Amino acid sequence: MTAPSHKAVVLEEGGVLCGLGSLEETVTDLFDGASAIVPGPCFGVPAAYAPFKDPSWRGLATAAETLAPCIDTSGLDKNTTAFIFCAAKGDISGLEKFCESGTPPEAFLPLLSSQADYAEKLLCVPACRTIVISDACASGATGVEIGREMLVSGRASSVVLFGFDGISRFVATGFHALSALSPAGARPFDAGRDGLTMGDGAGIALLTFREPFADDIVVAGAGSSNDANHRTGPSRTGDGLFRAARAALSDAGMQPCDIGSVKCHGTATNYNDAMEAKAIAGLFGDEIPPCFSVKGALGHTSGAGSLLEICVAAECLRRRLVPPTAGFSLLGVDEPVPVSASCQQLRKNSMLCLSAGFGGINAAVVLREAQ
Amino acid sequence: MKRRIFIDSFGALLPEGIAGPSGTRPWDAGQAGPHDVRRDQVLEKPYVNFGKLMLPDKLAFCAAAAALSRYAIADGQTAAVTLGIPAGSLSTDLRFMESVRAGFPGPAVFSATLPSSAIADIAIYFGLKGPNRVVAGNAASGLTALELAVSLLETGKAACALSLSVNAVEAADAAGPLLGPAADRLCRAYAFLLTTMPQPGGLGTEMEASFAAGDNGAAHACDELYFTDLVRLLTAQKSGRVVAASCDVAATLSLLKGP
């Protein structure tokens, strides 16, 4: 008889770039209640936004080169490493230039596949294959779920995830046309919330499958679902997000009472936060752990955002702290969700990360600190 | 224990017509191919959103309808949707940019500029509430979507999965220079209903699939070659083997005789 395997999917290293800066800067500033949101207009649209702290990161190339040192790829097996590129639209500047001048972009085509190949080259990932995932604003979380499946099933020995989504005229005018943007800035779960705030974002993470050491952050489970309800709006009942969260807990072999905090999707649109509160209340009943959203500080960083936010959540878990929700002051949803208004201790060693996207897509990831 | 997986239905929009379990119906006179598909050719009842669907979404929806309009997924089954769409929503992106430049950006067109848009109406119309995987990678995106569908069934995260492969570039589209020299510019769409529990009246064709990392030296076999062979075998209800290799994924799929 062989000893039972205690291997787990380990989040070895990660990095982010966003309005508050690097991962270290972002998490430290989040705990201080800082926000990267600045007043509009943004590409002519009367809305606040959260641009990259360093404007040079707005190009896919610079973002990839800046994030490359965040993970150590030197020991990865090029025959069994998968590279997963996650984005809703990615870097669409080439498409915009083509539409203005008729000249095709030189570095990479605006197709996500072309962006992925370009990023992989700059990151020097020794990968045997590239998978491009575009599950709207849940792309990064779906990528983590797929990476976990590939590692557990043995189809990969390590997985590098990279996500990039930048603010552009394309995205700004689109969200404005949908009347989804807040003029002054996102206020997740707040009674005065009036829409989302666009944010620039990029993230990188390295996942492996091994026996974890104490204090390692593991991707304990992941689940996803579709509302089957509306093209852009979330289900009014929160049923889809509830099912994704329950699937993630089931995948992790955990119960709701094991969760110490919830990293919400928390876009600050009226419907998303109302739906999410219902899903959370349905999952946890009367024992809802502290919940937070980073979108009042970083804005909504789209498909890359769900990867970026998982990296931020992992760092919060490592520090055993729940950050405040910037922009939140008075609860504006029907359920008694304990939205974190100030920095507080995380009392359990696990965190539930929720994401949702257009098309009714929901994704949930459970992070746990190994003991 | 490894789960047995069956292809229980399929639909395809091909240059020669609409293929499904009951055979291939040629395009009507005046229809040039998949991009001209009409709702009544794949779905008996009207669907209020059909006329608003952008090209990638329409092709995906119609392939799904060809596979599912006469197939009932059992109540309570978690039904996943996976989609491979190599060019993403490029055609729709250009339409949206046209509307931006005209000063009237369209909200409905904007929401369709996400590659995942193509699964939204399928999930809504057919009530598919399971996981979604949208692969917008290279020419073998459909193969990867099939691999991810098989993975969802093997892990038990879904009881059935509709796996789609859509190529939605219009021949006359201004997207030409943005696609690169190797791009496949023909419209096509395939949908395969994979399940661990075949239904009465379904094809019940058991499949065994293996996927591996591709070979950088391999020919860029694209989804078309692979799925055309697969449709041919399914239409003829024959056992057989389909092999594909691209730079990112190599796949071998064996069809066994039905239960």
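A nonpolar core is a set of buried Ala, Val, Leu, Ile, Met, Phe, Trp, Tyr and Cys residues joined through side-chain atoms within 4.5 Å. In this predicted model, the largest such core holds 126 residues. Four of them touch the most other members: Phe85(A), Phe162(A), Leu367(A) and Leu162(B). Helix α1 of chain B, residues 55–68, gives the most to this core. Its contribution is 11 residues. Apart from this core lies another, of 34 residues. Ala19(B), Ala140(B), Tyr226(B) and Leu253(B) are among its members. In soluble globular proteins, nonpolar side chains tend to be buried together.

The surroundings of Phe162(A) were examined next. Neighbours within four places in sequence are left aside here. Phe162(A) is then in contact with Leu60(A), Ala64(A) and Leu67(A), and with Phe83(A), Ile84(A), Phe85(A) and Cys86(A). The list continues with Ala119(A), Leu123(A), Gly203(A), Ile204(A) and Leu307(A). Phe85(A), one of these partners, is itself among the core residues that touch the most other members.

Chain A has 10 helices and 14 strands. The C-alpha trace of chain A spans about 65 × 50 × 40 Å along its principal axes. Its radius of gyration is 19 Å, which agrees with the value near 21 Å for a compact globule of 371 residues. Of these 371 residues, 65% count as buried. Contacts in chain A with a separation of 6 or more were also counted. Residues 24 or more positions apart account for 80% of them. The accessible surface of chain A comes to about 12,400 Å². Carbon and sulfur atoms hold 52% of that area. Chain A carries 27 positive and 39 negative side chains. The centres of the two sets lie 3 Å apart.

Chain B comes to 7 helices and 10 strands. Its radius of gyration is 17 Å, close to the 18 Å that the globule rule gives for 259 residues, so chain B is as compact as a globular protein of that length. Along the principal axes, the C-alpha trace of chain B spans about 60 × 45 × 40 Å. Buried residues make up 60% of the 259 in chain B. Of the contacts in chain B with a separation of 6 or more, 72% are between residues 24 or more positions apart. Chain B exposes about 10,000 Å², and carbon and sulfur atoms supply 54% of this. There are 21 positive and 23 negative charges in chain B, with mean positions 5 Å apart.

Two individual sites complete the description. Thr197(A) sits in the loop between α6 (169–177) and β6 (198–199) of chain A. Thr197(A) counts as buried because its relative accessibility is 0%, and buried means under 20%. Not counting residues up to four places away in sequence, Thr197(A) touches Ile37(A), Ala48(A), Tyr49(A), Ala50(A), Ser182(A), Gly185(A), Ala186(A), Gly299(A) and His300(A). Gly185(A) is 12 residues from Thr197(A) along the chain, and their C-alpha atoms are separated by 5.7 Å.

Ala120(B) lies in helix α4 of chain B, residues 117–126. Ala120(B) has a relative accessible area of 2%, so this residue is buried. The C-alpha atoms of Ala120(B) and Asn132(B) are separated by 9.9 Å. These two residues are 12 apart along the chain. With neighbours within four places in sequence left aside, Ala120(B) is in contact with Arg231(A) and Gly359(A).

Note on methods. Residues are numbered from 1 along each chain as its sequence is written. Chains are lettered from A and ligands numbered from 1 in the order in which they are written. This is a predicted model: local features need pLDDT of at least 70, side-chain atom pairs count only at pLDDT 80 or more; totals for chains, interfaces and linings use all residues. Side-chain values use heavy atoms; hydrogens and water are left out. Helices (H or I, at least four residues) and strands (E, at least two) are DSSP runs, numbered from the N terminus. The radius of gyration is taken over C-alpha atoms; the globule rule is 2.2 Å times the number of residues to the power 0.38. Buried means under 20% relative accessible area, exposed over 50%, partly exposed in between (1.4 Å probe, protein chains only). Contact means heavy atoms within 4.5 Å. Accessible areas come from the Shrake-Rupley method with a 1.4 Å probe; for residues, only the protein chains shown count as cover. Lys and Arg count as positive and Asp and Glu as negative; His and the chain ends are not counted. The place of a charge is taken as NZ of Lys, CZ of Arg, CG of Asp or CD of Glu.
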